[in-house]
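Take a look at the sequence and the 3D structure below. This report walks through charged pairs, strands and one loop.

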Amino acid sequence: MIAYLERFVHENDAESKPDHDVSSICNSLDLQGSVDGGSGGGIANKDFGGMQSVRPLALIRPAGTEDVASVIKAAGGSPNLTVAARGNGHSINGQAMAEGGLVIDMRSTEKNHFKLVTINGSPYVDVSGGALWEDVLKRCVREFRLSPRSWTDYLSLTVGGTLSNAGVSGQTFLYGPQTSNVTELEVVTGKGDAMICSETANPDLFFGVLGGLGQFGIITRARILLHPAPDKVKWIRVVYTEFEDFTRDAEFLVTRPAGESFDYVEGFVFVNSDDPVNGWPQVHLDPNHKFDPTLIPPNAGSVLYCIEVALNYRNADRPATIDSAVSRLLGRLGFVKGLQFQVDVSYKKFLLRVKVHEELAKANGIWENPHPWLNLFVSKSDIADFDRAVFKDIVKDGVGGPMLVYPMLRSKWDSRTSVVLPEGDVFYIVALLRSTVYPKGPEVEKLVSTNRKIVQVSRDKGFDFKLYLPHYQCQEDWKRHFGDQWSRFVEMKRVYDPMGILAPGQKIFKKRTSHHQS
């Protein structure tokens, strides 16, 4: 069967192949799902980043966990086949691709699990690893009036995909990343074994898989902690001219005792100009909002800063109570008076706020363009120097998209997971969410080169930082990334994926024919 699979890619053109050949693959794997030869209509050889494209042997659409296990076991019998789990294709650098290997489309399993579970009085929901967070939100609110606590900014991502990285947004300071809000997983390891794991059952696999970049197993089910879903959100943005004031206030908000701050805190950098993409218009929350540049002091620099906050509330809450809570918190902040923007929206609309931009980008034909994004975690001790070296210099004219920067608390992250962070209890996420007008050519290369420059400058200046959603080309860089956690990471690979079958697109380990992994 494996020989047939490997011969198939050479004997059949990717765009034209007899239906009976695809059927033969499906039969030889004995799957309940389906198999598409080549890239399955092209989805398996591209991702949101748009900068990588490699052709797999086949795209597998599994019916469930047994199919996932069968595919991995089949690859284990081959000297060359690898397996990559693909969620909604939102990787940036080909992390979910498998050149000449098997790509598993986890979206085909999205409806396999959806069950409310109550444990010791606390509500949880069991969902498929291939489910979109967007759909989890809608169903939990509609059916249970409950919601997960921790989110990402963009919700058309799969549960398994974000849990394999971390999953962060403006709620992270309060509840931790999404990896801190899951209590049980079903995982298919690189040996093809389906295992249930949690803090008490197979804990090494549980914590290893969380933030493990898909290296030890494929998440097929997750148990997510829920809380009562609010009805509305008061959504506010305030503007700063000085980075010192911006960081002081952002850190004040994220370090307040529970119940004494907003429910969401983020921030971003924008250009001090009327540039419609990079400048003042970024701050508006409503088409009727106007940014008055005369309120900006004449000595302000080339970039400005914005703190974005949100307060959740119920329809039954008294407006005066909500307004008082907001005023009390904003009164402690040192933003530019008059540059405060505020709207009230439904809870779902707030969480799905990026969906509007996605739909607009698709309508304008730019959603499929390359997205050379760069995401970093930077220590509080170095964030001011990072601001001077990067925001005020390298990207002072903007990046053609949001430049996020906001603080998180290390105490909300579980150190037992595979995620690596800078030192110190407070660190910042920096996300340069670039978009490009041109799908190919020097423009993309220039942006990628700038990303490399930012990373190199950060190294040269000795900043304490880690790449988030990391991408490296060689194992030496991965060793540096994981630092003293590298030996544990290697040992986990040896135990749960000794042949190096899983997630080849991460370029951490290579496929091996022996059970020795270095």
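Is Glu184 buried or exposed? Glu184 counts as buried, because its relative accessibility is 17% and the cut-off for buried is under 20%. Keep in mind that this is a predicted model.

## A buried pair

Glu184 has a charged partner. Arg221 forms a salt bridge with Glu184, and their closest N and O atoms are 2.8 Å apart. This pair links distant parts of the chain. Arg221 belongs to strand S10 (residues 217–228), while Glu184 belongs to strand S8 (residues 182–189). The two are 37 residues apart. Arg221 also counts as buried, at 9% relative accessibility.

Why can such pairs form? Side chains of opposite charge can pair when their charged atoms come close.

## More salt bridges

The structure holds 31 salt bridges. Another one joins the side chains of Lys493 and Asp497, at 2.6 Å from N to O. Both Lys493 and Asp497 are buried. Elsewhere, several residues form one network through salt bridges that share partners. Its members are Glu134, Lys138, Lys355, Glu358 and Lys362.

Now look at Asp36 and Arg61. Their side chains meet in a salt bridge, at 2.2 Å from N to O. Asp36 lies in strand S1 (residues 34–37) and Arg61 in strand S2 (residues 58–61), so the pair ties together parts that are 25 residues apart in sequence. How covered are these two? Asp36 counts as partly exposed, at 23% relative accessibility. Arg61 is partly exposed too, with a relative accessible area of 25%.

## The four-stranded sheet

S1 and S2 belong to an open sheet of 4 strands. The order is S1-S2-S4-S3, and the pairing is mixed. S1 and strand S3 (83–86) stand at the edges. Each has a single partner strand, so one side of each is left without a neighbour in the sheet. From one strand to the next, the twist averages 25 degrees.

How do S1 and S2 pair? They run in the antiparallel sense, over 4 bridges. Arg61 appears here again: in S2, Arg61 is the bridge partner of Ser34.

## A covered strand

Turn to strand S15 (residues 374–379). It is mostly covered, with 6 of its 6 residues buried. In a regular strand the side chains alternate between the two faces of the sheet. Which residues of S15 lie on each side? Leu374, Leu376 and Val378 are on one side, and Asn375, Phe377 and Ser379 are on the other. Both faces are covered, since these residues are all buried.

S15 also has partner strands. It pairs with strand S17 (residues 426–432) in the antiparallel sense, over 6 bridges. It pairs with strand S18 (residues 465–467) in the antiparallel sense as well, over 3 bridges. Val378 takes part in both pairings. It stands opposite Tyr428 in S17. In S18, the bridge partner of Val378 is Phe465.

## An exposed loop residue

Where is Arg332? Arg332 lies in the loop between helix H9 (319–330) and strand S14 (340–346). Arg332 is exposed, because its relative accessible area is 52% and the cut-off for exposed is over 50%.

Exposed or not, Arg332 has contacts. Leaving aside neighbours within four places in sequence, Arg332 is in contact with Asp249, Phe252 and Arg256. Take Asp249. Arg332 and Asp249 are 83 residues apart in sequence. In space, they are 8.1 Å apart, C-alpha to C-alpha.

Terms used: Residues numbered from 1 in each chain as written. Predicted model: local features only at pLDDT ≥ 70, side-chain atom pairs only at ≥ 80, totals over all residues. Heavy atoms only, no water. Salt bridge = Lys/Arg side-chain N within 4 Å of Asp/Glu carboxyl O. Buried < 20%, exposed > 50% of the residue type's maximum accessible area, 1.4 Å probe, protein only. Pairing = 2+ DSSP bridges. Axes fitted to C-alpha atoms, helices over the stretch in contact; angles between N-to-C directions. Contact = heavy atoms within 4.5 Å.
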